[in-house]
Amino acid sequence: MKILVCISHVPDTTSKINFTNGDTEFDTNGVQFVINPNDEYSLTRAIWFKEKQGATVTVVNVGGADTEATLRKALAIGADEAIRVNANPSDGMYVAKQLAEVVKNGGFDLVLAGKESLDYNGGMVPGMLAAYLGYDFINSCEGIEVDGTSVKAIRQIDGGKETISGKLPMVIGGQKGIVDEKDLRIPNMRGIMSARTKALAVVEPVGADVTTKDVKFEKPAAKSACKMISPDNIDELINLLHNEAKVI
């Protein structure tokens with residue numbers, strides 16, 4: 001089984017976020033980038049298939065040369081090879097088009113991605129990718145088993161979980177639960193050293209239209225100061241909740 005894992009290069013959630021050029025561009029100065037957490041869950045599951053079922057694992061990213069450190073981390077975790085599509089991932093449909101070309105050229109059986117990236121939270125790319133390929137698609141996946149070409153997946157739905165069966169080839173949008181958080185892997189020295197010798201191919205993008213653009217970014221409103229109310233002063237608490245917070 002050939003598995004392709006789509007990797008997004010996203011800011012660490014502890015990074016301080018700022019914008020430049022009139023709030024039209026994300027300021028990357030001083031920001032630490034990591035593998036998108038949802039993608040890392042899917043990658044860890046792919047490595048499980050490699051170790052238990054002999055699958056081969058390739059990771060792919062659409063981005064500039066600055067994303068190669070993130071791809072190298074994925075190789076250190078256990079992926080066999082990496083592909084970087086040399087393009088700016090400015091639009092979800094554009095990214096999906098580039099990834100579809102990689103899948104077609106590589107003949108992959110199973111495509112794993114995160115259900116969404118934690119920078120823009122669009123959740124568009126895995127579904128668009130499946131549509132371009134004509135593959136079945138399962139999103140919000142919390143569990144997957146593959147037996148030959150047969151797939152059984154568990155996905156999160158409103159109020160519960162749904163078990164689905166299908167056939168390869170398939171695109172899966174994974175999330176926490178596809179592996180447990182405790183199963184995520186920290187690259188060891190052996191993995192880091194081996195990652196330096198693994199193949200990282202750079203391919204040029206195929207022609208595709210960029211259909212959307214960022215117009216403006218805006219930070220959430222700053223939290224107001226916390227007011228402490230004496231537990232004996234219930235009337236003041238009710239007054240503030242009603243007239244100031246307007247939640248009752």
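Leaving aside neighbours within four places in sequence, which residues is Thr-67 in contact with? Keep that question in mind while you get your bearings; we will answer it at the second stop.

**Stop 1: the whole chain**

Show everything as a cartoon. What you see is a predicted model. The protein has six helices and 13 strands. Its C-alpha trace spans about 65 × 45 × 40 Å along the principal axes. Of the 248 residues, 37% are buried. Now switch on the surface: the protein exposes about 14000 Å², and carbon and sulfur atoms supply 50% of that area. Contacts are worth a thought too. Among those with a separation of 6 or more, 69% are between residues 24 or more positions apart.

**Stop 2: Thr-67**

Select Thr-67, in the loop between strand E6 (56-63) and helix H2 (68-77). Show the side chains around Thr-67 and you can answer the opening question: the contacts are His-9, Asn-61 and Arg-84, once neighbours within four places in sequence are left aside. Is Thr-67 buried or exposed? Its relative accessible area is 4%, so Thr-67 is buried. For a sense of distance, draw a line from Thr-67 to Ser-150. These residues are 83 apart along the chain, and their C-alpha atoms are separated by 34 Å.

**Stop 3: helix H4 and its buried face**

Next, select residues 125-133, which make up helix H4. Colour Pro-126, Leu-129, Ala-130 and Leu-133, which are buried. Turn the view until you look down the axis of H4: the buried residues fall within an arc of 100°, so they line one face of the helix.

What do the buried residues of H4 pack against? Their partners are strand E1 (2-6), helix H3 (92-106), strand E8 (110-114), strand E9 (136-147) and strand E12 (170-174).

Zoom in on Leu-129, a member of H4. With a relative accessible area of 1%, Leu-129 is buried. Not counting residues up to four places away in sequence, Leu-129 touches Cys-6, Ala-96, Leu-99, Ala-100, Val-103, Val-111 and Val-171. Try a distance to Val-95 as well: Leu-129 and Val-95 are 34 residues apart in sequence, with 8.5 Å between their C-alpha atoms.

Before leaving, step to Gly-134, which follows H4 and has a positive phi, near 75°.

**Stop 4: aromatic rings**

Show the rings of the aromatic residues. How many aromatic pairs are there? The count comes to four. Begin with Phe-19 and Phe-217: their ring centres are 4.7 Å apart and their planes are at 0°, so this pair is stacked. Phe-19 is in strand E3 (residues 18-20), while Phe-217 is in the loop between strand E13 (200-203) and H6, so the pair ties together parts that are 198 residues apart in sequence. Phe-217 counts as buried, at 14% relative accessibility.

Compare the rings of Trp-48 and Phe-49. Here the centres are 5.4 Å apart and the planes are at 80°, so the pair is edge-to-face. Trp-48 is partly exposed at 27% relative accessibility, whereas Phe-49 is buried at 0%.

Then select Phe-19, Phe-26, Tyr-120 and Phe-217 together, which ring pairs link into a cluster.

**Stop 5: details of the backbone**

Go to Leu-168 and Pro-169, which are joined by a cis peptide bond with omega of about 0°. Pro-169 is in the loop between strand E11 (160-167) and E12.

Now pick Ser-140 in strand E9. Although Ser-140 is not a glycine, its phi is positive, about 55°. Ser-140 is buried, with a relative accessible area of 16%.

Lys-246, in the segment after H6, is another non-glycine residue with a positive phi, near 55°. Its relative accessible area is 63%, so Lys-246 is exposed.

**Stop 6: a nonpolar patch**

Finish at the surface. Select Ile-234, Leu-237, Ile-238, Leu-241, Val-247 and Ile-248, which form a nonpolar patch with about 510 Å² of accessible area together. One of these residues, Ile-234, lies in helix H6 (residues 234-244). Ile-234 is partly exposed, with a relative accessible area of 45%.

Technical notes. Residues are numbered from 1 along each chain as its sequence is written. This is a predicted model: local features need pLDDT of at least 70, side-chain atom pairs count only at pLDDT 80 or more; totals for chains, interfaces and linings use all residues. Side-chain values use heavy atoms; hydrogens and water are left out. Patches are made of residues with over 30% relative accessible area and no salt bridge: like charges are joined within 9 Å, nonpolar side chains (Val, Leu, Ile, Met, Phe, Trp, Tyr) within 5 Å. Accessible areas come from the Shrake-Rupley method with a 1.4 Å probe; for residues, only the protein chains shown count as cover. A salt bridge is a side-chain nitrogen of Lys or Arg within 4 Å of a carboxyl oxygen of Asp or Glu. Helices (H or I, at least four residues) and strands (E, at least two) are DSSP runs, numbered from the N terminus. Buried means under 20% relative accessible area, exposed over 50%, partly exposed in between (1.4 Å probe, protein chains only). The arc is that of the directions from the helix axis to the C-beta atoms. Contact means heavy atoms within 4.5 Å. Rings of Phe, Tyr and Trp (its six-membered ring) pair if their centres lie within 6.5 Å; planes under 30 degrees apart count as stacked, over 60 as edge-to-face and the rest as tilted.
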